[in-house]
Amino acid sequence: MIRGLVVPVLLALLATSPAARADDYDFPAKISPARTLTIGSTTDIGIIRPVIAAYQKANPAVAIRYRELTTRVLFAEAQAACAGDKPADDVVLSSAMDLQVKLVNDGCAATVDRPGLNALPDYARWRSQLFGLTYEPSVIVYNRRAIASWEAPVDHFALLDLLRQPERFRGRIGTYDIESSGLGYLFATLDDQRSSTWGRLIEGMGRNDVQLYCCTSEILDRVADGRLTLGYNVLGSYALAQAREKPDLAVAVPSDYTLVLTRAAYVPRQAQNRTDAADFLEFTQATEGRRILNDEALLFSPIDGAEHLFRELGASGGQNRTIRPIALGPALMVGLDQMKRRLFLKQWRDSLGIGED
Amino acid sequence: MLDAPAAAPALHARRRPSIALRLTLAVTLILLLAASAALWSAWNYGIQAANEAYDRLLTGASLQIAERVSVADGEVLVDLPSSAFELLSLARNDRVFYRVIGTDGETLTGYPDLPLPSDVGAAGQSAYEATYSGETVRAVMTTRPIAERGMSGNVSVVVAHTVQARIALARDIATKAAILVGAAALAIVLLAWFAVRYALAPLTRVERALLSRDPNDLSPFDIETPREIETVVDAINRFTRRLDRRVSAVQSFVADAAHQLRTPITAIRAQAQLAAGEESPDRLRRINRRILDRSVAVSRLADQLLSHAMVTHRTDAEPRELVDLRRIAIEAEQETRRFADADAELPLLDLPEEPVIVAGDRFSLREAVKNLANNALEHGKPPVAIRVTAGGGSARIAVVDHGAGIPPVERASAGTRFRRNRAASSRGASLGLAIAHEVAVSHGGELQFGDVGDGGFEVSLSLPLVEALP
């Protein structure tokens, strides 16, 4: 077997496991007998691959099945597994922190007591069941050709000022469609709760005919090739990875406040392989795991990722910045409330000036 | 004799746990009880305090949510404030549940199966405990009346969380209380130890006084004693006094006996020496007669001395029983007859119909009466009678004869001790009186002398009467 070889399991479609799909990736163990660790995740395989490779190098007897799903599907499957209706993954890793909090709040998680995870800051830990493994800022991306570095939006107020320029950004701003993107919705509700500029910002974007997308990559692609001038509230980890390859793509971290997302992982109560699952979580925050998160995957670690993040940005240090990590905890469940969601989406649509579908 | 040491420990007083140990055990037991009670109430207090503190969080959160209930287009809307959830997040690791119930009892939002309180109040808050999602949860329900156009009724907001933080707080409070209680208990034990030592110090003093005493010193202890062991020291003092009395009694008995016996025995020896050089059968017979007389006197004297010693011994040692004085009189008469010469006078008995009961030692009483009777037979004039009477709370057994009796001058001192410088013939008499006196006193009575109307003399033992049992 060749190291790092990834085999999309087409045959798995015919296999008995109902969970198997085209987006399942099998990383066979390097030695046998092997134990299998199933990870249900929303993270792109391309980004997480170095982490898995390093983990398998350290644990050659563990075969990994990596199932990449959208946040909503992963949530639905995890909920079904929690109710005992479906087999559970060994690790559930999702960027939808709010949904992860809800799953843990509903008693779906097993307690993981590992010293390696105690080093995580408070916001990245909840109940010793839910752990934030990454440190990913929400950033503004722009095309260097369209916006000069001197007028680049350094904070939310600068962005508001840019948006006041008539016609310049019409149809050339992209952000998440928060009705379809869980991540976008999470960022939007937190923006709403934590800043006074949010209302004016979406009004400004509405005036400029903002374009809405489901996914980070769609915004990044369009900003990089110039179809869009600016992308708002984009996930920094993906943006930085793209910026390494696409010179026109610039990343700005607003200095007045920056939301930082941490991908949350838990081990389901019904998990078959809890030991390896806990090992995997611990591994990501050990020295080698952090090195890969910080330098290769650009997901960064909550423990020491901040300095690596700013080094990657080439920006001045984080001293005078207000970094607001999103804390794992029940407060995130507010946005999930059906009535709250309805009211918030209505307000959002009204501000953007789009009618109900 | 070689086995003697092995048997020695049996003679020791039985070993019981020391007072210090008893006190220590008692103090420890009390402390354990007190500490358990303190811990129990600390735990309860901790739970109560934790509940009060965290119920406020729940109440605050539910009020915040209730405040955001509004009516628009005939629909009740709840715009959940994130501050409410941030408030709940203060219980860092607890799971949070909520439920908002509309005017028709329908769940507007939240967890539709979250349990409600059993008795639903009209308005205001009620806190309660329930089981939800496999865990114990504490919940607060806030009910808020709304009255808008086309809509009126109560909207209820239920906010609940698991009790991890409460238990942690309660445990924290209880642990701190336990540490305090433990420290206090330790201090109390230490202080109690000092207190016990201080309180028992007089015992040690008494012990030291006892140990340091010269074995021959039988004088009473004169040491400071606390009231509690005064009786013990008094008992010891009484005991030593008795011992002292006994020792001096024995000493004077030995001295008396030696003196009493030496003179007649010397006389007998002199007679015997005389007889050895005597040829005349007439004289020999006379000498023999004198030796015989003296021997009888010596034998009686020895008998009396032993009887006196016995009586003295029994005074302190023998238990008392109920004795009928009439029987004593009969027995004394019988004994007198047994030892008397064939031609001697015998005492008469003068007894009442009813029993006359006293508490006493039969042997001592009999000896006393026998001696009085012998005295009367020897020194008084016949007829001699032993008379038993009862009356006025006292029982009397008297020996009456028709002689002049003891001269009135000597009566006061008679009986206290026989005198050495008296004529030998009356020595027996005063020894007999001494025995009778001793017996009378040791029985709580006295020896009385009296002249009888028709020129007679009476010596009587007057003893406390025990009412005859039915």
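In this predicted model, 15 residues of chain A are in contact with 16 residues of chain B. On the chain A side, helix α12 (residues 338-352) supplies the largest share of the touching residues, namely 4. Sorted by class, the chain A face turned to chain B comes out as 6 nonpolar, 5 polar and 4 charged residues.

Turning to chain A itself, the secondary structure adds up to 12 helices and 15 strands. Of the 357 residues in chain A, 50% are buried. Among the chain A contacts with a separation of 6 or more, 77% link residues 24 or more positions apart.

Two helices of chain A are good places to look at burial. Helix α8 (residues 236-245) has 8 of its 10 residues buried, so the rest of the structure largely encloses it. The buried set runs through Gly236(A), Ser237(A), Tyr238(A), Ala239(A), Leu240(A), Ala241(A), Gln242(A) and Ala243(A). Their cover includes helices α1 (45-58), α7 (216-224) and α11 (305-313) of chain A, along with strands β8 (136-143), β11 (230-235) and β12 (249-252). Helix α3 (residues 97-105) of chain A tells a similar story: 8 of its 9 residues are buried, so α3(A) too is largely enclosed by the rest of the structure. Here the buried residues are Met97(A), Asp98(A), Leu99(A), Gln100(A), Val101(A), Leu103(A), Val104(A) and Asn105(A). After α3(A) comes Gly107(A), with a positive phi near 80°.

One of the elements covering α8(A) is α7(A), and the packing of this pair can be spelled out. The axes of α7(A) and α8(A) come within 10 Å and cross at roughly 35°, and the crossing is right-handed. From α7(A), the contact draws on Thr216(A), Ser217(A), Leu220(A) and Ala224(A), and from α8(A) on Tyr238(A), Ala239(A) and Gln242(A). In terms of class, 4 nonpolar and 3 polar residues take part, with no charged ones.

Next come the nonpolar cores. In soluble globular proteins, nonpolar side chains tend to be buried together. The largest nonpolar core in the model holds 143 residues, and the members that touch the most others are Val141(A), Ala239(A), Leu281(A), Ile65(B) and Val159(B). Helix α2 (residues 19-67) of chain B is the top contributor to this core, with 7 residues. Apart from this core lies another, of 36 residues, with Ala329(B), Ala332(B), Ile357(B) and Ala385(B) among them. As for Leu281(A), if residues up to four places away in sequence are left out, its contacts are Val91(A), Val112(A), Arg114(A), Leu117(A), Phe131(A), Leu133(A) and Ala265(A). Ala239(A), another of the well-connected core members, is also one of the buried residues of α8(A) and takes part in the contact with α7(A).

Over in chain B, five strands make up an open sheet with antiparallel pairing, in the order β4-β3-β7-β6-β5. The edges are taken by β4 (107-110) and β5 (124-132), each of which has a single partner strand, so one side of each has no neighbour in the sheet. From one strand to the next the twist averages 20°. Within the sheet, strands β6 (residues 135-148) and β7 (residues 151-162) of chain B run antiparallel and are joined by 12 bridges. Ile146(B), for instance, faces Gly153(B) in β7(B).

A few backbone details round off the picture. Most residues other than glycine have a negative phi, and most peptide bonds are trans. The peptide bond from Ser32(A) to Pro33(A) is cis, with omega near 0°, and Pro33(A) sits in the loop between β2 (24-27) and β3 (35-41) of chain A. In chain B, Asp73(B) is not a glycine but has a positive phi, near 55°. Asp73(B) lies in the loop between β1 (69-72) and β2 (75-78) of chain B, and is exposed, with 6 other C-beta atoms within 10 Å. Ser133(B), likewise not a glycine, has a positive phi of about 55°. This serine is placed in the loop between β5 and β6 of chain B. Ser133(B) counts as partly exposed, because 16 C-beta neighbours fall inside 10 Å.

Terms used:
Residues are numbered from 1 along each chain as its sequence is written. Chains are lettered from A and ligands numbered from 1 in the order in which they are written. This is a predicted model: local features need pLDDT of at least 70, side-chain atom pairs count only at pLDDT 80 or more; totals for chains, interfaces and linings use all residues. A residue is buried if 20 or more other C-beta atoms lie within 10 Å of its own, exposed if 12 or fewer, and partly exposed in between; C-beta atoms are placed from the backbone. Two residues are in contact if their C-beta atoms, placed from the backbone, lie within 7 Å. Ala, Val, Leu, Ile, Met, Phe, Trp, Tyr, Cys and Pro count as nonpolar, Asp, Glu, Lys and Arg as charged, and the others, Gly among them, as polar. A nonpolar core is a set of buried Ala, Val, Leu, Ile, Met, Phe, Trp, Tyr and Cys residues joined through C-beta atoms within 7 Å. Two strands pair if DSSP finds at least two bridges between them. Axes are lines fitted to C-alpha atoms, for helices over the stretch in contact, and angles run from 0 to 180 degrees between N-to-C directions. A crossing is left-handed if the near helix is turned anticlockwise from the far one by less than a right angle, and right-handed if clockwise.
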